[in-house]
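User: Please take a close look at one part of this model, the sheet and the loops that go with it. I would like one connected account rather than a list.

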Amino acid sequence: MKNSLARYDGEMKPHHHIINLDTNEILDIDPSEIGSFQIPEKIKQFNLDSISINFFVHSKAILSRFEELKASRLKKSNY
Ligand SMILES: [Zn+2]
């Protein structure tokens with residue numbers, strides 16, 4: 001069974017994704033942008049069909065606000 005991402009994906013060729021957890025936006029990444037990487041040893045017990053890498057990200061603006069909050073909480077907990 002294919003995963004739910006594939007069902008809504010217009011791009012049919014194997015590719016990777018950047019998934020923005022803040023906006024739920026999904027960006028396609030062409031495999032040529034990734035280059036080569038190590039395939040885990042455990043894969044060898046299966047017949048590999050395809051590879052899709054998901055980069056789960058946060059928007060930078062939202063993350064910096066989150067980090068500010070975290071930093072101010074850390075300061076308070078020091079007292
Ligand atoms: Zn896609």
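Analyst: Ile18 stands opposite Leu27 in E2, and His17 has Asp28 as its opposite residue in that strand. These positions come from a predicted model, in which strand E1, residues 16-20, and strand E2 pair in the antiparallel sense over four bridges. The two strands form a hairpin with five residues between them.

Within that connection, Asn24 deserves a separate word. Asn24 lies in the loop between E1 and E2, and its phi is positive, at about 60°, although the residue is not a glycine. Asn24 counts as exposed because there are 7 other C-beta atoms within 10 Å of its own, where 12 or fewer is the criterion for that class.

The partnership with E2 is one part of the pairing of E1. E1 is also joined to E3 by four bridges, and in this case the strands run parallel. His17 shows how the two pairings meet at one residue, since His17 stands opposite Asp28 in E2 and also stands opposite Asn54 in E3. In general, strands of a sheet pair through backbone hydrogen bonds, in either a parallel or an antiparallel arrangement.

Taken together, the three strands make an open sheet with the order E2-E1-E3 and mixed pairing. E2 and E3 stand at the edges, and each has a single partner strand, so one side of each is left without a neighbour in the sheet. On average, and with direction ignored, neighbouring strands of this sheet are turned by 20° against each other.

The link from E2, residues 26-29, to E3, residues 54-57, is a loop, and Ile53 is found in this loop. Leaving aside its neighbours within four places in sequence, Ile53 is in contact with His16 and Ile34. The C-alpha atoms of Ile53 and Ile18 are separated by 8.5 Å, although these residues are 35 residues apart along the chain. Ile53 is nevertheless classed as exposed, because the count of other C-beta atoms within 10 Å is 12, and the exposed class takes in residues with 12 or fewer.

As for the setting of this sheet, the protein has two helices and three strands, which follow the pattern α-β-β-β-α when read along the sequence. Of the contacts in the protein between residues at least 6 apart in sequence, 57% join residues at least 24 apart. Buried residues, on the other hand, make up 0% of the 79 residues in the protein.

Terms used:
Residues numbered from 1 in each chain as written. Predicted model: local features only at pLDDT ≥ 70, side-chain atom pairs only at ≥ 80, totals over all residues. Buried ≥ 20, exposed ≤ 12 C-beta atoms within 10 Å, placed from the backbone. Contact = placed C-beta atoms within 7 Å. Pairing = 2+ DSSP bridges. Axes fitted to C-alpha atoms, helices over the stretch in contact; angles between N-to-C directions.
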